[in-house]
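Here is a short report for a reader meeting this structure for the first time. Please look over the sequence and the model before reading on.

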Amino acid sequence: MALVLTTSASLGSADEPTVIAAVLLVVYPLWDAVATLVERRLTGTGAGATNSVGVVNMALGLAATAGMTAAVFSTIGRALLVFGVWALLSGAVQLVVALRRRRTVGAQWPMAVSGGQSVLAGATIAATSASATSSLSTVAGYSAFGAFWFLVSAVALSIRSRRAQR
């Protein structure tokens, strides 16, 4: 997302995103959908409530990818609106998954924090998307926090896994 900041920092909500920003904005929710698919395959998620939540998250990612593809040909404000709605909804799904897994998998607090942060950030991004002061820097900040919580989650799950093997 540093590329988004360096190429689009001076652009406002009424401007069109740069090509680099447009590509990254389209790829972000697609990457999330693919990551969910990979995670489901690695964990062997079968039928049931957790499976349906994963399917919902993948569908949200694909829908956001389609919506973002259209939005990036319009304005940064519209792209931010699509991104914000997707972040809010996918964060809610992430929060649900974390709460459901807390007893069976454990070490879900980073995922719960990340999901909650995504809900709040998504609502803020969507609500301010049409503001003259809105910019793509909010997406860069959002992705930085997301990457941080992903790393914390991976470490927490690794520690839990090692303890369980003893």
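The report goes from the whole chain to its core, then to a loop residue and a surface patch.

**The chain as a whole**

The model shown here is predicted. Its protein chain has 6 helices and 0 strands, so that, by the way helices and strands are assigned, the order of elements from the N terminus on reads α-α-α-α-α-α. Of the 166 residues in the protein chain, 39% count as buried. The chain exposes about 9000 Å², and carbon and sulfur atoms supply 70% of that area. Among contacts between residues at least 6 apart in sequence, 74% join residues that are at least 24 apart.

**The nonpolar core**

The largest nonpolar core holds 25 residues, and the members touching the most other members are Leu-25, Met-68, Val-72, Phe-83, Trp-86 and Tyr-142. At least two residues of this core come from each of α2, α3 (49-71), α4 (76-101), α5 (109-128) and α6 (137-165), and α4 gives the most, with 9 residues. For Phe-83, once residues up to four places away in sequence are set aside, the residues touched are Leu-25, Tyr-28, Met-68, Ile-125, Val-139 and Tyr-142.

**A serine in a loop**

Ser-134 is found in the loop between α5 and α6. Is this serine, Ser-134, buried or exposed? Ser-134 counts as buried because its relative accessibility is 8%, which falls under the 20% cut-off. Leaving aside neighbours within four places in sequence, Ser-134 is in contact with Leu-11, Gly-12, Ser-13, Leu-80, Thr-128 and Ser-129. Polar atoms of the Ser-134 side chain also lie at short listed distances from two backbone oxygens, as the table gives.

| Backbone oxygen of | Partner | Distance |
|---|---|---|
| Thr-128 | polar atom of the Ser-134 side chain | 3.5 Å |
| Ser-131 | polar atom of the Ser-134 side chain | 2.9 Å |

**A nonpolar patch on the surface**

On the surface, Val-19, Val-23, Val-27 and Trp-31 form a nonpolar patch, and together these residues have about 450 Å² of accessible area. One of them, Val-23, has its place in helix α2 (residues 19-43). Val-23 counts as partly exposed because its relative accessibility is 48%, a value that lies between the 20% and 50% cut-offs. Helix α2 therefore holds Val-23 of the surface patch and, as one of the helices named above, also supplies at least two residues to the largest nonpolar core.

Notes
Residues numbered from 1 in each chain as written. Predicted model: local features only at pLDDT ≥ 70, side-chain atom pairs only at ≥ 80, totals over all residues. Heavy atoms only, no water. Patch = residues over 30% accessible without salt bridge, like charges linked within 9 Å, V, L, I, M, F, W, Y side chains within 5 Å. Areas by Shrake-Rupley, 256 points an atom, 1.4 Å probe, with all protein chains shown as cover. Salt bridge = Lys/Arg side-chain N within 4 Å of Asp/Glu carboxyl O. Helix = DSSP H or I, 4+ residues; strand = E, 2+ residues; numbered from the N terminus. Buried < 20%, exposed > 50% of the residue type's maximum accessible area, 1.4 Å probe, protein only. Core = buried A, V, L, I, M, F, W, Y, C linked by side-chain atoms within 4.5 Å. Contact = heavy atoms within 4.5 Å. Polar contact = N/O pair within 3.5 Å; in protein donor to acceptor, adjacent residues only side chain to side chain.
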